[in-house]
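Biologist: I would like to go through the labels used for this model and hear what each one rests on. Please set the value against the cut-off each time.

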Amino acid sequence: MPDRTDINIRNFYIFNSTLSSKEEEERNKILFYYPPSIIIDEQLKNVGFSEAILKFAQTFSPDKPCETIRTKKTRQFYLQPEENFWMVMTLNLPAIKPKEIADEAEYLEHDVQDAVYLAALKLAYDMAKMFVGTFSSSVEGKKTKQLKIKLEKFYFRYLTTLKINNLDIMALFQGVQYLPLDPLRFLHIQSSSNLLEAEFPEVESSIILYDNYLVWSGIDYSEMQLISLYVRSLQESSHLDAESENLGRNSARTTNVCRFLTGPKNFLDEDASFESVPVIYLHSSESPTKYYLNVYEAINFTVCMLINEKERLTVELFKKLDKFLGDKLLSLSSKIKSVAPTFQSLQAPMEKFLYFNKLNLAVKTLTAQSKSSLSIPEEVMRVVTDIAVHNRRCCKLSASAETVVKLMKLSDYWVVGKMSDDRECYFILQAKNAALSYIHEEANKMCNLCLKSIFVHK
Amino acid sequence: MSSSAPGGLEGPFKFPNSPEPQSSSSSFVVPYIEEERPESPAKHGLDEKDFEKLVLGSDFVDESNVDEDCNVAQELKKYKYNIFVLSSAGKPVYSRYGNEDKLSTLFGVMQVLVSFIQDSNDVLKSIRCNGCTFTFLSKGPLILVSVAKTQQSDTQLLSQLTYVYNQVISVVTLSRLTKIFEQKCNYDLRRLLSGSERLIDQLLVFMETDYAFLLGAVRVLPLAPTARDDISNIIVSACSKIKNLVFALLIANNQLITLVRMKKYELQPSDLHLLFNLVNSSESFKTAESWTPICLPLFNPSGFLHCHVSYLSEDCQACLMLLTVDHDLFYTLSTAKQKIVETLRRKGSLKDINDALALKPISASELGIYGLRHFMCKSRKHPQFWSSRVDTPYDTPEEVEHLMSLYQNLHQHVHHPTRPLKLCYQQMDSEIMLGHITAEYEFYFTFEPLVTKSDAISAAGRLPSVWLKDDEEKKKFIFTDPTF
């Protein structure tokens, strides 16, 4: 059997050409370079190539010079997040290595879809912006050196945890699943959040998640999205840690534990440090503000609290919060348990669907969150992405677009993609010998079933 | 730079020296002694220092005439589809727009980009940004680059570059090209291509406007099968005794009437397109019979065929091409042609051809299918296709271009290199596009945007039976395969 090598990050760098005016200071323009083992000359060479490409492309396309560069073996993605700053991510394409050494490897370039990785690169920036602030604010404040250190600290961890192989259309959405609740239950939760902010004036705003479904958010959509993505990764890694600690014991997620995911582990220690509480920048208000991000977990609930950095964190505060939230969430959970999660209960064995609303970043899906239970072949998921890219392009000029396709190789599969305004939905159907009209009806049925109250152009 | 082709006939390729292309390239030693083109001040094949210079911020322009080059670069921005050909040393060969000499720095940069990637044992394929794609093709001693402000796929753009490369090969042959650059890597290929640039110009227009290139097929002139057989038989009987005649084809108005071939050999659609392009680009064929060398890259990239080209007669504008490997056959073929025309006339075939040419292809609206604006059909067994007349609302050049881009988009989804589709339905703001692959045909439809899905489906299902009734199918596609 020939070996398949997976996609992997060849390099990832951030540069700003205006930071070096003289030849001897050339290395100043590189703000971050991964992998760090690459010698500086090589780094400069690659950055120089990127600069040359950008300059060349500018001759023809001055506003947006470059997004991707394809070579036989690699794919390079470009993002200009702020003026003069460029982020470049180069991937080694997945390949099938030949049996004979003399044969050339076959590079699977079509398995790598630009839109997915451009979205991943954008997210990599947005995350960095949340944790280190905008690049230009650091540079303008003559803190370029500090920026470099911060970027290094942030990206080394980020890149090593980035599951570059598992990215698919969901990377395009980076959305949040909302918990569907009736008004009464929703009000219960909202009032708890209000109470929290009233009791603890330090807490400026909060986000409440239940089982990774968003229930309540008091902040801007895009920042809520980033925080919930971060919290999820935090939970995953902390559960991994817990599992490795409890090796041999039943390490199923112990849901009755109430604890701070970020914050002091031990309330008895009066001098506990608060280093594990991350500080984040929120940019939605007029001037970027720094906040402590406190995350508290209890019985499937996750509460994220934003406390202005100017406040002083004390063990006393954490103790009080623990007491308040522990009691509150316990009573809430009994109210909510009976309704969630609702989607799995829907009767739709053969069809899978995906829904995304760009306005509130809501995602609904029947395709389950975890990859393992996702029984859809990768090729089909890639077709969904192809359709998403096409529909989005069409919708730049008009209100709606719809695409229906039947696959050639996996010929049982049909994919329907509808887009209307900023809402997108995709249905994956498996049907032997079906006619397009049948698929059309099925998709409409699914639409009515899953997205009852949402308007979609027919 | 003007001398005649053998036989004193004007061919489209003018060889400054006595051309003996049939001896292929073995005896060919860049013999041209002519006034050197003034070397442009910019160097070609930039070394590392130049690369650094670029990177350090000097512009892509010669310092000697900065203003002028800036203007040239400014000029280039406005074009939708540009093509550059250069030697692997960075020497300009062809630019669709603008004077190559004035773009020499730009050519230099393109060469540097390609060779930078080459140094790491890789191949630069394309640079993409929102709305603009640079496609690179490095083949032998040539580098071809296109700059397209379209939404075409990499596969489509690469295929167009390959056509341009093939067009160059068809003028000089691959072996000669390789040899020239082996002996002098800084050779200015424009000397050899001089007079042939218009073939590339014409080819680019042809590719932008004719669906034949997108579909990889040739258009057939609809004719009753018996009428077509008559024509083929007449050509076969007039030519069967001629040794070394490889192909004989009759074309009219970019449509194939018949192709007769030597049993051993086949003619690929892309070679056929080059022959169509040759005829399209040369007005002189209309006035006199010509004898011209042409290399068909898929047939044999290293040698020339000799092509006898002539229009049948004043009153029948079909063009007969007789291709042979023998460079002494002009008079034999000329006689054969006379015979063919006489017989065609006597048997009424000229009238058949004229009648078929006078008949405009039907438009989709004439088929009486509600909401159908345009459609195309390609045979999967034979690389042939038929398309309806482009009609309202596609009656301005912009609309025609828009329709082409819709089909390009549909085609790239249906024929995705790794995820091909059997059916693709695209509902958009101003059109519905539908592509459907059946066992024998590929169908591509354009509908009004307000047609319901079920109407579109049923129309698409019904159309083949209406439009490809037994007789019609045989008229629109050539299923016979006559040989000498």
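Biologist: Which residue stands opposite Asn82(B) in β5(B)?

Modeller: In this predicted model, Asn82(B) faces Val147(B) of β5(B).

Biologist: What makes β1 and β5 of chain B a pair?

Modeller: Two strands count as paired when at least two bridges are found between them. Strand β1 (residues 81–87) of chain B and strand β5 (residues 142–148) of chain B are joined by seven bridges and run antiparallel, so they pair under that rule.

Biologist: Where do these two strands sit in the sheet of 10 strands?

Modeller: The sheet is open and antiparallel, with the order β3(A)-β2(A)-β6(A)-β5(A)-β4(A)-β3(B)-β4(B)-β5(B)-β1(B)-β2(B). Its edge strands are β3 (30–34) of chain A and β2 (92–95) of chain B, since each pairs on one side only. From one strand to the next the twist averages 10°. Helix α7 (residues 197–209) of chain B lies across β1 and β2 of chain B, at about 40° to β2(B).

Biologist: Why is the contact between Asp114(A) and Arg75(A) called a salt bridge?

Modeller: The cut-off is 4 Å from a side-chain nitrogen of Lys or Arg to a carboxyl oxygen of Asp or Glu. For Asp114(A) and Arg75(A) the N to O distance is 2.6 Å, so the pair qualifies. Asp114(A) belongs to helix α2 of chain A and Arg75(A) to strand β5 (residues 74–82) of chain A, so the bridge ties together parts 39 residues apart in sequence. Both Asp114(A) and Arg75(A) are buried.

Biologist: Does the same test accept a longer distance, and what is the value for Lys432(A) and Asp412(A)?

Modeller: Their side chains meet at 3.8 Å, N to O, which is within 4 Å, so this is a salt bridge too. Lys432(A) lies in the loop between β19 and α10 (436–450) of chain A and Asp412(A) in the loop between β17 and β18, so the pair ties together parts 20 residues apart in sequence.

Biologist: Is Lys432(A) buried or exposed?

Modeller: Exposed is the word over 50% relative accessible area; Lys432(A) has 63%, so the label holds. Asp412(A), at 23%, counts as partly exposed, because buried requires under 20%.

Biologist: Why is β18 of chain A described as largely enclosed by the rest of the structure?

Modeller: Eight of the eight residues of strand β18 (residues 413–420) of chain A are buried, so the description follows. Tyr413(A), Val415(A), Gly417(A) and Met419(A) are buried on one side, and Trp414(A), Val416(A), Lys418(A) and Ser420(A) on the other.

Biologist: What are the partners of β18(A)?

Modeller: Strand β17 (residues 400–407) of chain A pairs with β18(A) over seven bridges, and strand β19 (residues 423–430) of chain A pairs with β18(A) over eight. Both pairings are antiparallel. Val405(A) stands opposite Val415(A), and Val416(A) opposite Phe427(A).

Biologist: How many salt bridges are counted between chain A and chain B?

Modeller: The count is four. Asp386(A) and Arg419(B) form a salt bridge at 2.9 Å, N to O, a value within 4 Å. The area buried between the two chains is about 5000 Å², with 65% from carbon and sulfur atoms. Phe56(A), Phe60(A) and Met408(A) supply 16% of the area that chain A buries against chain B, more than any other three residues.

Note on methods: Residues numbered from 1 in each chain as written. Chains lettered and ligands numbered in written order. Predicted model: local features only at pLDDT ≥ 70, side-chain atom pairs only at ≥ 80, totals over all residues. Heavy atoms only, no water. Helix = DSSP H or I, 4+ residues; strand = E, 2+ residues; numbered from the N terminus. Axes fitted to C-alpha atoms, helices over the stretch in contact; angles between N-to-C directions. Contact = heavy atoms within 4.5 Å. Buried area = accessible area lost by both parts, 1.4 Å probe. Buried < 20%, exposed > 50% of the residue type's maximum accessible area, 1.4 Å probe, protein only.
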